[in-house]
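Take a walk through this model, one site at a time. Keep the coordinates open as you read.

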Amino acid sequence: MDGAALIDLHCHILPALDDGALDMSDSVAMAREAARDGIEVVCATPHIRSDHDVRIEQLPERIEELQGQLDARGVPVRIAQGAEISQLSAETLSDRHLRTLSLGGGGWILLEPASGPIAERLPALAGELAARTTGVIVAHPERHAGTNIVQQLCALRDRGCLLQWTADFVARADPEDPGALVLRLAREGLVHLLSSDAHSSHGGRPLKLRAGFDRLRAVCTPEQVAWMAEVAPAAILRGELLTPPW
Ligand SMILES: [Fe+2]
């Protein structure tokens, strides 16, 4: 994947909307950071969650506004639609809203588990949502690691979910540490996608993906990394059905 165009499926790049980019200049700086890392498409995934007042009907114009600013400045990044839908909100959304909030409009939704360890009922909920959409991507499992994390991830995988880990978390995993959870799970096929989940150019997780994929090369085959980095994200934006080939 050296030099290949990358797609970030999870990023809070829209300005002054949720807890992401502070303002338009922050959003533009984030897009420039993405471009430097070889990212060509960034999905704008604001929180759909009770503690953020994100109006679904306003998202298309917010994306258009940011895209206009990037185009005017010659920043070579395309902003695609999307959202990070909380576990609680997902149950209340209509099929039409789920489609509007899907990544690239192709029907794949990004599902944020409730805080704390992955809930017992999440695999069943994800299965119900998958039946109403093209598919379900579970965001940042590393933030929801309880004692039964492996069993819960297997249950989600068995329901057809894709598991999206945070690229910076993976990049920081020590390849010399046999106990590094994410590398062990990558070896076992439970890492499907990496995304930045960046919130700002002023700090926090960077809008970068490449270092995370580089780290996965220590434990995955080149074909697996290419699937995670290129094949799967592009197919998700096209709204294709998708199963990891391992
Ligand atoms: Fe997020």
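**From a glycine to the core**

Just after helix 1, Gly-38 adopts a positive phi of about 85°. The model is predicted, and Gly-38 is a handy place to enter it.

Step back into helix 1 itself. Helix 1 covers residues 24-36. Its 13 residues should span 18 Å at 1.5 Å a residue, and the end C-alpha atoms lie 19 Å apart, so the two values agree. Which residues of helix 1 are buried? They are Met-24, Asp-26, Ser-27, Val-28, Met-30, Ala-31, Glu-33 and Ala-34. An α-helix has 3.6 residues a turn, so residues three or four places apart point the same way. The buried residues of helix 1 pack against three elements: strand 1, strand 2 (39-44) and helix 2 (59-73).

Now turn to the metal. Which residues coordinate the iron ion? His-10 and His-12 each give NE2, Glu-84 gives OE, and Asp-197 gives OD, at 2.1 to 2.2 Å. The spacing of these donor residues in sequence is H-x1-H-x71-E-x112-D. One pair links distant parts of the chain. His-12 sits in the loop between strand 1 (6-11) and helix 1, while Glu-84 belongs to strand 5 (residues 84-86), 72 residues apart. His-12 and Glu-84 are both buried.

Why is the arrangement around the iron ion irregular? The 4 donor atoms subtend angles of 82 to 169°. Four donors count as tetrahedral only if all angles lie between 85 and 135 degrees, so this range fails that test.

Next, the cysteines. The structure holds 0 disulfides. A disulfide is a covalent bond between the sulfur atoms of two cysteines. For Cys-154, the closest cysteine sulfur is in Cys-161, 12 Å away, which is too far for a bond. The cut-off is 2.5 Å. Seen from Cys-161, the closest cysteine sulfur is that of Cys-154, again at 12 Å. Their surroundings can be read from accessibility. Cys-154 is partly exposed, with a relative accessible area of 22%. Cys-161 counts as buried, at 2% relative accessibility.

Finish in the interior. The largest nonpolar core has 84 residues, and Ile-13 and Leu-216 have the most contacts inside it. Helix 10 (residues 222-238) supplies the largest share of this core, 8 residues. What does Leu-216 touch, leaving out residues up to four places away in sequence? Its partners are Val-170, Leu-183, Ala-186, Val-191, Leu-194, Val-225 and Met-228.

Conventions: Residues are numbered from 1 along each chain as its sequence is written. This is a predicted model: local features need pLDDT of at least 70, side-chain atom pairs count only at pLDDT 80 or more; totals for chains, interfaces and linings use all residues. Side-chain values use heavy atoms; hydrogens and water are left out. Buried means under 20% relative accessible area, exposed over 50%, partly exposed in between (1.4 Å probe, protein chains only). Donors are N, O and S atoms within 2.8 Å of the metal (3.2 Å for Na, K and Ca); water is not among the atoms, so sites may look incomplete. Four donors count as tetrahedral if all angles lie between 85 and 135 degrees; four count as square planar and six as octahedral if opposite donors are over 155 degrees apart and all others between 65 and 115; anything else is irregular. Helices (H or I, at least four residues) and strands (E, at least two) are DSSP runs, numbered from the N terminus. The expected span of a helix is 1.5 Å times one less than its number of residues. Contact means heavy atoms within 4.5 Å. A nonpolar core is a set of buried Ala, Val, Leu, Ile, Met, Phe, Trp, Tyr and Cys residues joined through side-chain atoms within 4.5 Å.
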